[in-house]
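Me: I have some questions about how the terms used for this complex are justified. Please keep the replies short.

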Amino acid sequence: MRATMWGAAALIVAAGAASAQTLNDVRSRGVLNCGVNTGLTGFAEPDAQGVWQGFDVDICRAVAAAVLNDPMAVNFVPTTGQTRFTALSSGEIDLLARNSTWTFSRDTELRLDFVAVNYYDGQGFLVPRALGVASAQELDGATICIQTGTTTELNLADFFRVNNISYEPVPIANDDEGQQQYLAGACDVYTTDASGLASVRATFENPDDHVILPEIISKEPLGPVVRHGDNEWADLVRWVFYAMVAAEELGITQDNVAEMASAPGDNPEINRLLGTEDEYGTMIGLDAQWAVRVIEAVGNYGESFERHIGEGSPIGLARGLNAQWTDGGLIYAPPFR
Amino acid sequence: MSDTHARTVAFSRDTMLPPVPPPVRETGAVRWLRENLLGGPLNVALTVLSLVAIWWALSGFLPWAWRGIWDASSLTECRARRDELYGPGVPAACWAIIAERWPQLVFGFYPQSGYWRPPVALAVFLVAVMPVLFPSLPRRMLWLLPPAPFVIYWLLWGGSLWGPATVAAGFALGWGVWLLARRGGAGAGLALAAGVAAAALWWWWIAGPLAGTLARGVPLALQPVLSKDMGGFTLSFVIGLSAIVLSLPLGVLLALARRSEMPIISTVAVVYIEIIRGVPLIVWLFTAQLLLNYFLPRGTNFDLMLRVIIMVTLFAAAYLAEVIRGGLAALPKGQFEAADALGLGYWQSMRLVVLPQALKISIPGIVNTFIGLFKDTTLVAFIGMFDPIGLTGSIRATTAWNGIYWEPYVFIAIVFFVVCYAMSRYSIWLERRLEREHRPAT
Amino acid sequence: MTAIPDRAPPRFRAGDLLGDERWRGLTIQALALAALGLLGWFLISNLVANLAALGKPIDFSFLWRRAGYDINQRLIPYTSDDPHWRAAVVGMLNTLLVAVLGCIAATIFGVIAGVLRLSRNWLVSLLMAAYVEGFRNVPLVLWIIVTFSVLVHATPAPAAFRGEEAEASMLFGLVAITNRGTYLPRPVWGDGSALLLLVVALSVVAVWVWRRLARRRQEETGQPLPVLWVSLAILLVPPALAFLALGRPLSFDVPAVRETGIANFQGGIAVLNSFMALWLALSLYTGAFIAEIVRAGILSVSRGQTEAAYALGLRPGRTMRLVILPQALRVIVPPLISQFLNLTKNSSLAIAVGYMDIRATLGGITINQTGREFEGMLLLAGFYLTVSLVISGLMNVYNRRVAIKER
């Protein structure tokens, strides 16, 4: 019981030392430290009991299910736009699933690795219908609310420079502050990722009084991030995510996964994914049943999407770019082979 | 004699007139009004201005708050109820969010079955510090102080009682050894070393297994709670109170060091105090969040709450040091000289003569520092911790309450006001009392 | 009886290092220094090792790279093409601006509230007590957020100023208060304005000379000269004459709302609401603390002083100016300056309303875009520390000047 004593004395948790050890650390700790948003409707939000819910949260749960056999063994670390990457590089979290955009400099200079894209987004503009603006080109002289510490402020600066129109940025700290300022009329325009705009608009008292302009001024591929240098861990997170994607493509759902995994079927790729054929799990340091646990815990990509942000949820986002490639979207898992 | 007098003078009243009430303008409400509100044109103007200001401040707020809707499960429902009751667009608060989420604002994500624990821990703390704060209580109650932190720790974080208990036993053992060594005639340094060594041996070899055995034999345990589950006002209190208590010894040492005659020691203290006080708390918090891990061996990872408590403790110590230095400076020089004249050594004179008096004078300042610190705990919201203000953000992220704004802030402001106002009243009361005590001495 | 022999000076023994008063101080200091050195070495070597392992050794060259973000309040020219250091300077100036203006406003609020709280008018003193206690006992962050929201909700949008039958109108036709910010007229300096400035400067010098003259005369002869009216005349008449003579070189660029496109004010000086909110909340909050300091200061001057001054025949105004204030100030100024220090540090709470101070530019966006958190935080802490040390240095100078000379 010396562990108890140390816990009592200092609450110190020793995390991994060398860089290629994240998996071992998570295992020995028995819990995954996962960085999420402090609160973004549909993507990460704690409910009244403090249980985290959301599309990004599902990634954390999926990884925990695969590695620790328990989707609830996640220690959610709420991070702000300002603290998220440092929390990752300093080792406070093992995985960052916080709608972070994959960019060149973040991937290289910030020493991060984006393992996949779980949501293809783009920056859009939300304006009141009364403003009488139909295109972002007409926003000359507008006052625009933006969240600081994100790529949006850089995109905004670039867009208005290129189009040679003037604007005035109103930096705000987080999403709910932004909504408030926009609704109060402190800015003419609210800009953030289009997904965020849709969910914001859905909660307004009169959603029809507001329109999202057709222009999407940036590419915002959002995805889970890990520290640079631990390739085993990056591989693991990447393939946990792709297992969810492949499951949707292959028709594996939360309901039928147990049945499909009980015996090898006709489709060899399903068999390889669900561990009824070959030992793919061992190649990423896991057992054969890893993907079964992932899908049992959070469902396939489409189910997770539908549950938290899809058209059936209060947020009501269409799949759009985030449909499977077979449906004309960009969601595409490399083959399990 | 009145008789004689009465005869020699043409007229003299021989009965007392009954007392006449003072003129209307000199009594009751009228007089009060005249003296306090309407004396002179300037006063009238000020009164009118004040009335306008009060009207301006309350005419918007009170109806809104009064119309408040208490039973609804989402903002949409609140709006529907409001439209039904008062008509659309009428300002009405939606207190339902407080009714539904107040436990979260108070306890964060603390397990519901354990909601009794933080208040009990606070009560234990209050009872333990009572004898320090109210000098009229019996001195014997001071014995409640040493075990309190362990009980509070156990109540808040849960787990087996025997963990904190064996750690506490280590302290007791160390103290006992020190006492024995002193009685046995050992030097101060030697006795201290022996005490520390005994405690360390105890913690290293015995405490863990003993706690384990005891826990198996007598399983006294509470459901363990992770510090990340603490939020809301519980978090504010835990950070604020532990920082102020932990920073007290450090603050005393820093204050003594700053007054020390040894140049290096006092320089170090001055540099530390000035650096900490010169930089805003929010920058220190970002340091705790972003940088502290960089300063520790690779792979060390603390609980964020612990990092914040350490940082706030280091921060508060610098402020407390200045408060205590003020207390030391206020002490008459004669006290120091008298202690020296008695042949007391430095630590003896500090322990027996100087510090008890200096700390007593400093209590109001310490309480004021704590009020400031308690209010400043709201800054942890900016590093992603769920203090009450941070929680409002995540509550509003849920679809049910998305778009609500003022109500949680009003609730938080009222709670802060009540707590801080009570403490500041106490501090003023104590200051007056200390002034009275010191008056006859001069 | 044995005579006590003269003892030879005791030989130095190792034990003396702790036991002997003469050496103990040195030993303790040496030990403390060694411990500090070890601690410092431990921290710094860890830091270097950690940063090297992450592949970002300490390097300040990011300051010269393109910043890429816009700042909505700039006291010096800045565009998103400028380097990060320039963004940091813009933020620095914004911090100093809100700090300096905040200190001035806080002093005004504090003095008014402190004096009024001593008023015999029950309502006024109650109101001031409510103000002081309300602001002192609620966290500043909340006040900043609330002030910001009140400003936004209580003021009209720029669109309301538009058209023939505008719902809102500008104050005196010069100042527009909107939910984006307050727009003030901006002076435009025409030809000959240099000369005008010169005249103003000369007037100021003349006022100063006149005051000295009056003072010396009063000290020598006891005859007071009229100071106030003459000063005002010197200050106003020559510049006004010069202004007319030079053909009105100074005009004002009055803000106006755009009549087409998106309604917004153009021209003039824009004082953004984020600045207004931070500035107001900071100065009201600090003002509440200053009010208590002022009250305590005035109460600290014993009533006998006033009575003595009256007995000497001084009128109330002079009593206040020559007797009470100099004594009260000695009590008031040191805590007042430490409140100024607090205000400056608290200006970092700009984060709550998105005011672009140095923490938001250098300590926020720049760190975020470049990943140089250590370097950024170091510079940030250095900046605040420098400001604090300068202010407390000034305080020490003042304290030394007003200290009661003890003889």
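Reply: This is a predicted model, and the questions below take its chains, helices, strands and contacts in turn.

Me: What makes H10 of chain C fall short of a straight helix?
Reply: Set its span against its length. H10(C) covers residues 316-346, which is 31 residues. A straight helix at 1.5 Å a residue would reach 45 Å, but the end C-alpha atoms of H10(C) are only 38 Å apart. There is also a kink of about 45 degrees at Ile324(C). The proline Pro326(C) follows shortly after that kink.

Me: Which residues of H10(C) are called buried, and what is the test?
Reply: The test is 20 or more other C-beta atoms within 10 Å of the residue's own. Among those that pass in H10(C) are Ala328(C), Ile332(C), Leu336(C) and Phe340(C). The list also includes Gln339(C), Asn342(C) and Lys345(C).

Me: Why might buried residues recur along a helix at such steps?
Reply: An α-helix has 3.6 residues a turn, so residues three or four places apart point the same way.

Me: What do the buried residues of H10(C) pack against?
Reply: Four helices of chain C: H3 (84-117), H5 (140-154), H8 (273-300) and H12 (373-402).

Me: How do you know that S1 and S2 of chain C count as paired?
Reply: Pairing needs at least two bridges. S1(C), residues 176-177, and S2(C), residues 181-184, have two bridges in the antiparallel sense. So the pair meets the cut-off. Ile177(C) stands opposite Thr182(C). The two strands form a hairpin, with three residues between them.

Me: Which other strand pairs with S2(C), and over how many bridges?
Reply: S7(C), residues 269-272, pairs with S2(C) in the antiparallel sense over four bridges. Here Leu184(C) stands opposite Ile269(C).

Me: What radius of gyration does chain B have, and what would a compact globule have?
Reply: Chain B has 30 Å, where a compact globule of 442 residues would have a value near 22 Å. Its C-alpha trace spans about 105 × 75 × 45 Å along the principal axes. Chain B holds 17 helices and three strands. Buried residues make up 37% of the chain.

Me: How does chain C stand against the globule rule?
Reply: Chain C has 30 Å, against a value near 22 Å for a compact globule of 407 residues. Its C-alpha trace spans about 115 × 75 × 50 Å. Chain C has twelve helices and seven strands, and 36% of its residues are buried.

Me: What makes two residues of chains B and C count as a contact, and how many residues take part?
Reply: Their C-beta atoms must lie within 7 Å. By that test, 43 residues of chain B are in contact with 44 residues of chain C. H3, H11, H12 and H17 of chain B each supply at least two residues to the chain B side. H17(B) gives the most, with eight residues. The chain B side divides into 30 nonpolar, nine polar and four charged residues.

Me: What does the contact of chain C with chain A consist of?
Reply: It takes 28 residues from chain C and 31 residues from chain A. On the chain C side, H5 and H11 (358-370) are the elements that give two or more residues. H11(C) gives the most, with four. That side divides into ten nonpolar, 13 polar and five charged residues.

Notes
Residues numbered from 1 in each chain as written. Chains lettered and ligands numbered in written order. Predicted model: local features only at pLDDT ≥ 70, side-chain atom pairs only at ≥ 80, totals over all residues. Expected span 1.5 Å × (residues − 1). Bend = angle between axes of the 7 residues up to and from the residue. Buried ≥ 20, exposed ≤ 12 C-beta atoms within 10 Å, placed from the backbone. Nonpolar A, V, L, I, M, F, W, Y, C, P; charged D, E, K, R; others polar. Rg over C-alpha atoms; globule rule 2.2 N^0.38 Å.
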